[in-house]
Amino acid sequence: MMQVDRTEGSSPPGGGAPDRGWSLGVSGTGRLGGILGAALLVSAIVPAATFAAGYDPDQDVNSMANTTAWTGAAAWWTAGYTGRGVDVALIDTGVSRVAGLATAGKVVYGPDLSLESQAPNLRDLDTNGHGTFMAGLIAGKDVALTAPYALAPASAYRGMAPDARIVSLKVGTADGGTDVSQVIAAIDWVVQHKNDGDLNIRVLNLSYGTDSTQAYDVDPLAFAVEQAWNAGIFVVVATGNEGYVAHTGSLTSPATDPLVLAVGASDSMGTSTLLDDSVAGFSSTGSSARYVDVVAPGAHLQGLRVPNSYIDDNHPAGQIDSRYFRGSGTSEAAALVSGAAALALQRYPTMDPITLKYLFRSSARALNGFSSRFEGQGEIDLARMLTATPFTKKGSLPRSSTGTGSLELARGSEHLTRDGVVLSGEQDIFGQPFDANAMAQLEADGSSWSGAVWNGSSWSGSSWSGSSWSGSSWSSSSWSGSSWSGSSWSGSSWSGSSWSGSSWSGSSWSTGSWN
Ligand SMILES: [Ca+2]
C-alpha cells in the first residue's frame with residue numbers, strides 16, 4: 001500500500017474518534033515500497049535565532065554538510081560507499097515525508113504500532129518530530145545532493161548514508177508516549193521481516209531507553225535486542241542523557257546490554273577538527289559493569305523539521321528556519337552511528353554485528369581527559385575506520401539475556417497513563433498477560449509474530465479499540481492519540497530549557513534538547 005497522499009497536521013493528534021478499520025498489513029510486503037521517514041535530535045552551539053535571517057549550513061560546523069565531512073562519512077562516499085542497498089530500521093515516533101526524505105523509495109513503512117495507528121491521517125507519520133529528525137541524520141538526501149556527494153553544495157541536506165533506506169516502525173505518539181511492550185513488538189517485527197520483499201535490514205536504530213534497573217541478563221527488552229543482534233542486525237542504542245552519575249552510572253536500557261553498540265554523545269566544540277572534541281555534558285556515564293562503547297557527534301546538529309509537530313510547537317527555540325531544527329542528545333549520536341554502519345555494511349555485506357562493533361571501537365579516537373566510562377573507546381573516526389582492517393576479537397561474549405524477567409521492571413519509571421490509569425504490571429498494551437518466559441521462547445524461534453498477532457492480540461483493526469480495549473484492566477474506554485501521555489514525557493523532560501542536559505531518556509527517547 002503506497003501511502004503517498006497522507007499529509008501531516010491536518011488533524012491534531014487527539015482529534016476525532018479512532019478509526020477502527022485500519023490494518024497493519026504486517027504479514028506481507030504490502031506496505032513495502034512505500035515512502036520515507038525518520039527523525040532526529042539536535043542542539044545548537046549557536047542560538048537558532050542567529051540563523052533566522054538566513055541559515056547558511058556552510059558556516060555551521062554542526063550542519064550535516066560539515067558533520068559528514070569532519071566525521072569522515074564523506075570519505076566513505078568518495079570511496080564508493082553511500083549506504084546503497086542497506087536498510088536501517090528506525091523504531092521511533094514515525095517519519096514524515098519532508099524534503100530530504102521525500103524521494104521515492106527513501107522510506108519504507110513497517111507497521112505502525114503506536115497509539116496513533118488507528119487514525120488514518122496520523123498513521124506512520126511523525127507527530128512528534130523526533131523520528132523524522134533521526135531519519136534525516138541517518139539517510140537524509142535532498143534532490144539537490146548529486147554525486148559526488150562530498151562536493152555538493154552545503155545547502156543540499158544529507159545524512160550519513162544518503163543512499164541507505166529507512167524502514168520506519170512508529171511506536172511513539174505526538175508526546176512520545178509508548179510502552180515497552182510496543183517497542184519489543186517492533187523489534188520482533190524487524191527480526192522476522194528483515195528480508196521481506198527487497199528489504200535488507202542490517203541496522204536497527206534505537207534512540208530510546210528506559211531507566212529500568214533490571215539486570216540486562218533477564219530483561220525482556222534486552223532479550224529482544226539480542227535476538228535482533230543474533231539475527232545479524234547491527235543494533236545501535238543511545239545511552240541516554242543523564243550526564244555524569246557518580247559511581248552507579250546511568251545508561252538507559254537496553255544500552256545496558258553489553259552485546260549491542262551503546263553510543264554516547266560528543267560535542268564538536270564548534271570546530272571541524274576532532275582533536276578538541278569532548279564528551280557532551282548530558283551524555284550518560286557508564287557503570288563499572290557497562291561502559292559506553294563509543295561516542296559520536298550529538299550536539300547542536302542540523303536536522304529535518306516537521307512543521308507543527310510536538311517538538312516544533314513546544315520547542316520553538318530549536319527552529320533554525322522553515323526546513324531545519326536543531327537538537328542535541330544521544331539519540332542524534334546513535335543515528336549518526338547507524339548511518340555510518342550502513343556505509344560499512346555496503347562495503348562489507350557479510351560482516352557480522354560483533355565484527356562491525358569491533359571496527360567502530362578499534363577505530364575510535366580517544367578524547368582528552370575523559371574516562372572510558374564516559375567515552376568508551378572514544379569518538380567515532382570514520383576516516384580512520386575506512387583504512388582499518390576488520391578483525392573479529394576472539395574471546396568470550398557477554399552472558400546472554402534469558403528474557404525471563406519482568407516486563408514491568410523493564411519499564412522502569414516510565415508508564416503510559418490514561419485518565420489516571422497507569423499501564424503497569426505483566427501486561428502489554430492491550431492488557432494481555434505477558435509471560436516473559438513463553439515470549440522469550442517464541443522470540444528465540446523468530447516466531448513471536450504470527451501474521452498480525454503478537455502476544456495473543458491482533459495488532460490491527462478492532463484490537464486497538466472497542467471490546468478488547470475496554471476489557472483491559474487499565475483502560476475503560478477508547479482512546480485517541482493525544483489523550484495518552486507517557487509519564488516519561490511529562491514533567492521536567494519537556495520543560496523548555498531544562499530539557500537540555502536531561503532528556504528524552506529519563507524519558508525514553510534520547511534527545512537532550514531542541515535548540
Ligand atoms: Ca571539534
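**Close-up views of a predicted model**

**View 1. Leu 301 and Gly 327 face each other across a strand pair.** Leu 301 sits opposite Gly 327, which belongs to β10. The model here is a predicted one, as it is in every view below. The two strands on show are β9 (residues 301–304) and β10, running antiparallel and joined by four bridges. What covers β10 (residues 324–327): one face or both? Both faces are covered, with Tyr 324 and Arg 326 buried on one side and Phe 325 and Gly 327 buried on the other. As background, side chains in a regular strand alternate between the two faces of the sheet.

**View 2. His 300 has a positive phi.** This residue lies in the loop between β8 (294–297) and β9. Its phi is about 60 degrees, and His 300 isn't a glycine. Is His 300 buried or exposed? It has 27 other C-beta atoms within 10 Å, and the cut-off for buried is 20 or more, so His 300 counts as buried.

**View 3. Strand β3 pairs with β1 and with β2.** Zoom in on β3 (residues 165–170) and you'll find β1 (residues 87–92) paired with it in the parallel sense, over six bridges. β2 also runs parallel to β3, with three bridges joining them. Which residue of β3 is the bridge partner of Ala 89? That would be Val 167, and Val 108 stands opposite Val 167 too. Six of the six residues of β3 are buried, so the strand is largely enclosed by the rest of the structure. Arg 165, Val 167 and Leu 169 point one way, while Ile 166, Ser 168 and Lys 170 point the other way, and all of them are buried. Note that the buried set includes Arg 165 and Lys 170.

**View 4. Asp 92 and Asp 112 each come within a few ångströms of Val 171, C-alpha to C-alpha: 5.8 Å for Asp 92 and 6.5 Å for Asp 112.** Asp 92 is part of strand β1, and in sequence it is 79 residues from Val 171. Asp 112 belongs to the loop between β2 (107–109) and α3 (130–139), and 59 residues separate it from Val 171 along the chain. Both aspartates are buried: Asp 92 counts as such with 36 C-beta neighbours inside 10 Å, and Asp 112 has 27 other C-beta atoms within 10 Å. For the wider picture, among contacts in the protein between residues at least 6 apart in sequence, 82% join residues at least 24 apart.

**View 5. Helices α3 and α7 pack at an angle of about 35 degrees.** Their axes are 7 Å apart, and α7 covers residues 330–347. The crossing is right-handed. On the α3 side the contact is made by His 130, Met 134, Leu 137, Ile 138 and Ala 139, and on the α7 side by Ser 331, Glu 332, Ala 335, Leu 336, Ser 338 and Gly 339. Sorted by class, that gives six nonpolar residues, four polar and one charged. In general, an α-helix has 3.6 residues a turn, so residues three or four places apart point the same way. How many residues of α3 are buried? It's 10 of the 10, so α3 is largely enclosed by the rest of the structure. Among them are Gly 131, Thr 132 and Phe 133.

**View 6. Helix α4 is another enclosed one.** All the burial counts point that way: 14 of the 14 residues of α4 are buried, so the rest of the structure largely encloses it. From first C-alpha to last, α4 (residues 180–193) reaches 20 Å, close to the 20 Å expected at 1.5 Å a residue.

**View 7. Two cis peptide bonds lead into prolines, Pro 148 and Pro 254.** Ala 147 and Pro 148 are joined by a cis bond with omega about -5 degrees, and Pro 148 lies in the loop between α3 and β3. The bond from Ser 253 to Pro 254 is cis too, with omega near 15 degrees. Pro 254 is in the loop between β5 (234–238) and β6 (261–267).

**View 8. Three strands form an open sheet in the order β13-β14-β15.** The pairing is antiparallel. β13 (449–450) and β15 (457–458) are the edge strands, each pairing on one side only. Two bridges link β13 to β14 (residues 453–454), and Trp 449 has Trp 454 of β14 as its bridge partner. Between β14 and β15, the loop holds Asn 455, a residue other than glycine whose phi is positive, near 55 degrees. Asn 455 is buried, with 23 other C-beta atoms within 10 Å.

Note on methods
Residues numbered from 1 in each chain as written. Predicted model: local features only at pLDDT ≥ 70, side-chain atom pairs only at ≥ 80, totals over all residues. Pairing = 2+ DSSP bridges. Buried ≥ 20, exposed ≤ 12 C-beta atoms within 10 Å, placed from the backbone. Axes fitted to C-alpha atoms, helices over the stretch in contact; angles between N-to-C directions. Left-handed = near helix turned anticlockwise from the far one by under 90°. Contact = placed C-beta atoms within 7 Å. Nonpolar A, V, L, I, M, F, W, Y, C, P; charged D, E, K, R; others polar. Expected span 1.5 Å × (residues − 1).
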